[in-house]
Structure formats: C-alpha cells, structure tokens
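User: Could you take a close look at one part of this structure for me? I'm in my first year, so please explain the terms as you go.

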Amino acid sequence: MMTSAEIRNTFLDFFISKGHVIVPSAPIVIKNDPTLLFTNAGMNQFKDYFLGNKKPAHTRVADTQKCLRVSGKHNDLEEVGVDTYHHTMFEMLGNWSFGDYFKKEAIAWSWELLTGVYKLDKDRLYVTIFEGDAKENLAKDEEAFTEWKKWISEDRILLGNKKDNFWEMGDTGPCGPCSEIHVDCRSDEERKLVDGKTLVNAGHPQVIEIWNNVFMEFNRLKDGTLQPLPAKHVDTGMGFERLVRVIQGKHSNYDTDVFTGTIAEVEKITGKKYDASVSPSTEGSWREAVAFRVIADHIRAIAFTIADGQLPSNTGAGYVIRRILRRAVRYYYSYLDFKQPLLFQLIPLLAKQFENVFPELNKQADFVTKVVKEEEEAFLRTLGKGIERINARITFKEVLAEGKEFHKGEVQKIIPGKLAFELYDTFGFPLDLTKLIASENGFTVDESGFNMEMQQQKNRSRAAGVIDTEDWIVLDEHSPNEFVGYDTLEVKAKITRYRKVKAKGKELYQLVLNATPFYAESGGQVGDTGVLSPLSTGGEGPGVRVIDTKKENNLIIHFAETLPADIEGEVVAKVDLSKRQKTAVHHTATHLLHAALRKVLGTHVAQKGSLVNEEHLRFDFSHFAKVSDEEIAAIEKIVNEKIRENIPVIIKELPKNEAVALGAMALFGEKYGDIVRTVIIDPNYSIELCGGTHVGATGELGFFKIKHETAVAAGVRRIEAVSGKAAEEMIFEQFEIVRGIRESLKNPKDILRSIENISAENNELRKKIESLETKQLAALKDTLLAKAEHINGIDFIGAIVEVSNADALKKLCFDLKNSLPFTKAAQGYLVVLAANIEGKANVAVMLDEALAAKGFEAPKIIKEHIAPLIKGGGGGQKTLATAGGQDAGNLDKVVDKVKSLLK
C-alpha cells in the first residue's frame, strides 16, 4: 500500500513528466488580497495570472498547497470531526495551465494518473460535466463531454448544474465550467443495491468528489454578464486527504496515515482509545471519537497558520485561529476528560511528519509549541469559568427570574438561546456541549434563539465587511503597472483603469497608473500619499489627492476621493516627499533594531509583524520574556552606534538562493520570487529580504530611541520606537516635561531626590489619614449599632453617613457585621448605608444568608429599588452589593425605601 508521502510525490512526479514546473505552497495566510483571510484553494496564489495582472514565469505548474476553510459549502467549523472527510486545513494537489493546454490534455492526464498510475478501479469512477444554463445563455460543455467519452462510458458521464459544475472565483472575476471526478467507495454489496451515479453530489459519505478540473473561459462582470477571457486556463484541485483515503482503501480520512500518527499520540497522552466504528447512537463513545478527529484535524490548522505568521488574536484571521484552537481544547476537556494543555504536545510529531513538504513548521517548532501552550493554558482558565457560569444559571430560581414560560402550571426549564450563544461566543462552548450540560440538569436549550443570535452576528460581520466594488473601467488594457518609486518620487503617467468603491458609507475611487512612484502598503510599511496633477498645467495646481496606496493581487492601486478632470490625460504623479523620507528612516531603523535584538537576546528572535510609518516604528518579535531595562539600553546602544558609523545601505536584486546563502533573513509566511530585493547594512550586521524603501546611509537616521516594550501575544513581544525627526521631537517633549517638573519643585539641584522626598512625605500623610479614618469608622460603627431597629424579627440599620470614599462605606459594613448580633431576638439583619462623596451618590447594602434565602438579595435590592432613585447602578454578591449614581439628593429616600421592604 502506498504511503501518503509516496502518493503526494507520485502526483508531483507525474506532472513533471508532463512538462510542469513544481512550485512551493504559498503561505496559508493571505496578504494583498482584501477578499480573503486565508488561502482556501490551490489557485489563490495564481490569481494574478488569471486576472491578467501578471505574466507567469511558466505556463505549466503543479504543487501541493496548504488551504484553510472554516465556512461556506460543507465547511462549517462545527461539522469538522463529526463527519470523516471534511477538514479545516487540507492539502490541495493541483496542476495549472496558463494559456497552454486545455480540456483535452487535462482530462486525459486526470484519467491516466488515477487509473494508470494510482490504479483506481475504473468501475468505481464517475465524472460530471456542465449541463449548460439557459438563463446565462451557456451551452452544455460538449468539448469536455467529447474528451471524456474517449476514456469512460457515457453512462458514467453525468450532467451537473451551474451550482455544481460552473466554478467562480467570487461575485466577479474569472470563471468557467468544471468537470468533477467522483469515486464510489462503498462495498460491492451496497453498489449492487443502489447505482453509484444516483449518489454523486448527493452527500453520501462514501461517494465523494476527489478531483475537479476547472476550465477558465470567462470573466464575470459586476452586472453579471460574462466576457470571454483572452486566454483559456486550466485550474485543477484534488483533495490530498481524500485521495489518500481512496488509495489506501479506508472509509474515513482519519484512518489514513495522514492522521493515524496524531491520533495514536493523543491516545498515548490521554489514556483513551479511538474507536472509528462507533456511531452517534452510542452517545459517550461517539463524542470521544469526534474529539479525537477534531484534535487531529485542528492541530494542523493551528500549527501551520502560526508558522506562517498568523498569531491567535481577537480580530480577523487571528480570531479564526483562536476559535479553532478553542474548539479543540473544549473537546478534549469535555469528552476526553483531559484538563491540561494537550495540543502543544503534538507539534513535534506534526513538524517531523511534514518536514520535507512544508518545512517552515519544523524550523519554528519551538516557537509554535510555546504559542500553542500559552493559548491553551489561557483558554483552560476561561473554560472553567464558562462551566461555572452555565452551572450557576441552571437553577430553578434563575429560570423564574428570567421570566420563563409556564406550561400546565410548571416552569419549562429552558436555557435561553442568548445565554447559549454567549457561552459559544465568549467561552467557546459548542451548542452540543451546552445541550449536554443542560440535559444532565433536566433542562433543554432554546436552539431557535441560539440560531437567531448566530445569524445576527453573521449579519453584523457581513455588513461591517461589505465593500461595494464596481467593475474596472479599462482605458488601456495592455499598459504595464510599473513601480518606479525606488528611483524617483515624481513621474509622468497615465491612468490605465479606474473604478468606484463604497465602504462604510464612504465613496472613493481606485486608480491604476502605467507607472507610479507611489509605494503600495506592504511588508509593514504604509502606503504613500501625494498628488496626481494634470501634465497640461505643468504638474502644478491642486490636482487629485492620493490618500493611500495599496496592492491588490499584483495591481498597485491609488485611492482618491475624486477623479481627475481629464481621466485620459497625462498626469504628474508626485509622492509626499516628507512622509516618504520619515517612513524610510523608520524602515531602515527597523532593520537595525532587528539585528540588534538578535545580538542582545539571541538568534531565536524572528520578526512576527511590523508597522513602519512617518511617526514611529512598531516591531513584533518572538521572545518569551520581558526585555529588561538593561537589555533595552544595550539594544539602543548598538543601533545608535550603527547610525553614527554612517553605514551605506546597499540594495541588490539577487537570486533568492544567493541572497539566503549570504545570510539574508527571509520571513516565514512571506512568498518570495526567484529574484529578491536584498537590503544590506554591513554584511556582518544586517542582511534582509525587503521590498520597502530605505535611506541611503544609516547616518540619516540621526538618533534612535525605544518608547515602549510590551507583550502582544503568547511568545511575542512588541517594541515601539522612533528615529530621525520623530526621535528629536520625542526627546524635546521629554525635556519639556522634566523642565516643567523642575520648575514645579522650585528648581532643586537633585530633581530625583526631591521627587523621592515628596513621595515619602505623601506616604506618611496617607498613613496618618488612614489611621484617623479607622478611628472615625469605629466611632461611627458604635453610633450606628446604638440606633439599630427591630422590624418583623429583622435587625435594621439605615443611615446617611460621612465617609471619604466608597471603600470606607464597604469597610463600615464589614465592621458592623463583625459586631453582630445587633439584638438577641434578631432572625437576621439588613444594613443600608448611603453617602454623598464628592457630589455623587454611593450606597452599600448588606444582609445575612438567611434573609438572602428568602429573596432579599442585595444586588436585586440595588437594581430594583435603589438604582432608580440615584440615577445609577451597581451589583455585587447576594449578601453585599454597592451602587453609585449621579443624584445624591435622594439618599434619605433610599434608606426609607429599603426599610419599607421589611414592613
């Protein structure tokens, strides 16, 4: 039986024999494409070729691409692990033709590889072709039909509708008919009972698609019309995990050697056994099996995205990774009964398994392991709180308090959909876990309410991200899109295409020039701003302001609020010189900082993110401890020494292998071409691959100063710093602050000693005040005890008191509690103290457990009776709660109101 590694290599070797060049996988995290967070298909890295924005170096390529999908058709995250053939991260094997071969070769080679090389049973294969669509005026794909008839009987060539057999990149862009290859993995007995072709694209878990050949023929415009592409392309994708399953004769992807090693390691760690044969009817064992599959799948998505530079966070792509990690944690926590970090222990195994395919994980295994472990530890603490929260809410009293429905005289014990969603969204609880805990306590879950909350969140997210982009208006289809901004900041140019975009109620225009000096945001460096002025006025005059420059796929796009009066006329494109120079200073300073960090902290330091603009630089790097003041000083000293040396900043275009051989640092998660721009600041100090703009020599930086050093994520630190004029301004501001302090202190000789003396005096005075307050509270306590009233068996104290702060009000409550009982006949006590503190109302309510058990809970008293009177709010424990409000004029009414509750 072929191993998964052999199956992958066989695919690549086959297409080498067909004249294809093997290219490396693109990073799983997408850059320069606003429509995607992650690579979700093999074609993503070739999008520019399909769009005509870039000319391919080779017309035939093949690869295995890391992909990630967590939404869309068949890719709901909550379903991964429940079935046996969908995944978050997966490998997509693919071969491409950019204007070279088309349907004849693609179909023939697909059949040859599957049946001639992999030896799949021809009688188990079916193919689909596009049946046509009258509404789109698209005919049946007769060409594909004719080619398939050469290899397979007509009764196995099935017609598919637009949904299944017409592939589109998105709402707009390249598209075309596709031809899928499906395999029937059922037993011979099952195949005799039901014809396999009736199960194609019918959701049967054993009749699955393994390969899709997409034939790019059209371009979809915004108005929905289709235009023929100038060149026809082939884009194929074959799910590696499914292919391995079929070749290895398994009924589940998780039973192949892609996953069995990981599952065995989880068995070893947890002491549990994975049983692939269990079904949903065997509740406990089924949930355990799902947990094994979830862990085996999710760890791949987590590890490879972190290795490619995406750290878990609370926004964007980072939030997706955090959700995936937390789902894996809650499964092993709840269903494998494992209460400590587990996922990080799988990283070394995974890194070894893929070291020859995706080596970036093996190179960063220690870093990824530490990040995952810290994320797990943090979430395990949160998970415990979530379980406490749901257990606290599953009480008869809570249900009554929330006004749940009565049915035939009994309360329906229902967990509200809003709470179920809160547990999902905040604590990472899947709905089925909430249902399980609820059922164990005799409750049900309002699933329709949960689904409504989920849909509302999706609608909010969708609305926040909606960008209404019109079609490009192309003025010159054949002009280049050349960046000349390394050499000049002003150039004559023509607009080659433009379009209108609307986002968040704002309307802008995007313009593309045949040549531009504007640097597009990339590599952490912000985009240039400037102006496009009519050449007819000699480049003078107001012109059109360029407010930002970004790269979308391979196009450099200029953002403007208006269009030039003469859209087809020549313009002078001029970059804001001051902003560019200040930004270049900070970019060069970033390189000096990176090298200094590695010298002071160690060579484990690697860039994990950056921001470079005219105001400052921000640099994120891998390191697992706070950078000490001494280390900060050493780093600054090295950087400033390099600035004073006035080292030339040498920039060379080199073959990537040659640059790396020189010692150039390449960033994980970046995709580089064969020729790379290499920035050298003393070959023995700093060599980096970088497309950003830089100064000519380090002396132009003037001075470098670190402002802050903080933690931003597990294993990642952040430094914010300034250089050049920004550093000069910062030093001036700091000196002004010191000067102001010195004048306030009457110009002492030793300003630090004066501050220390004032601090010591302040501490001494504070102690004296606290001592006086303690004595005052003791006297006040005795006075209040003497005024205690006995109402219906309850001792009551209610008073407006004079205290300096809210803490003193609470302390007085505790002092009274320690002096109980007020009277021997008391069956409980209730205290309400109110104070006007600096014009604001402050109230404390304290009562005993016996009274609380009768429904007199302190937070409830605050909410229902006190908050409205003081125009405020508050909360606390059931026996002690506090409130604050804007209206201190009703404090006497507060005391009276609470007292009336006992009558």
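Analyst: Here is a walk through one helix, followed by two single residues and the whole protein. This is a predicted model, where local features need pLDDT of at least 70, side-chain atom pairs count only at pLDDT 80 or more, and totals for chains, interfaces and linings use all residues. Residues are numbered from 1 along each chain as its sequence is written, and side-chain values use heavy atoms, with hydrogens and water left out.

Let's start with helix 18, which covers residues 577-601. Helices here are DSSP runs of H or I with at least four residues, strands are runs of E with at least two, and both are numbered from the N terminus. Helix 18 has 25 residues and spans 36 Å from its first C-alpha to its last, close to the 36 Å expected at 1.5 Å a residue (the expected span is 1.5 Å times one less than the number of residues). Of those 25 residues, 18 are buried, so helix 18 is largely enclosed by the rest of the structure. Buried means under 20% relative accessible area, exposed means over 50%, and partly exposed is in between, using a 1.4 Å probe and protein chains only.

Now for the two ends. At the N-terminal end, aspartate 576 acts as a cap, with a side-chain oxygen 3.2 Å from the backbone nitrogen of serine 578. Just past helix 18 sits glycine 602, with a positive phi of about 130°.

Next up is threonine 549, part of strand 22 (residues 544-552). Threonine 549 is buried, at a relative accessible area of 0%. A polar atom of its side chain lies 2.8 Å from the backbone oxygen of aspartate 528. Leaving aside neighbours within four places in sequence, the residues in contact with threonine 549 include Phe518, Tyr519, Asp528 and His558 (contact means heavy atoms within 4.5 Å).

Isoleucine 28 sits in a loop instead, between strand 1 (21-22) and helix 2 (47-51). Isoleucine 28 is buried, with a relative accessible area of 0%. Again leaving aside neighbours within four places in sequence, its contacts include Phe38, Leu68, Met89 and Phe304.

Finally, let's zoom out. The protein has 26 helices and 37 strands, and 50% of its 903 residues count as buried. Its C-alpha atoms fill a box of roughly 105 × 80 × 55 Å along the principal axes. Among contacts between residues at least 6 apart in sequence, 68% join residues at least 24 apart.

Terms used. Polar contact = N/O pair within 3.5 Å; in protein donor to acceptor, adjacent residues only side chain to side chain.
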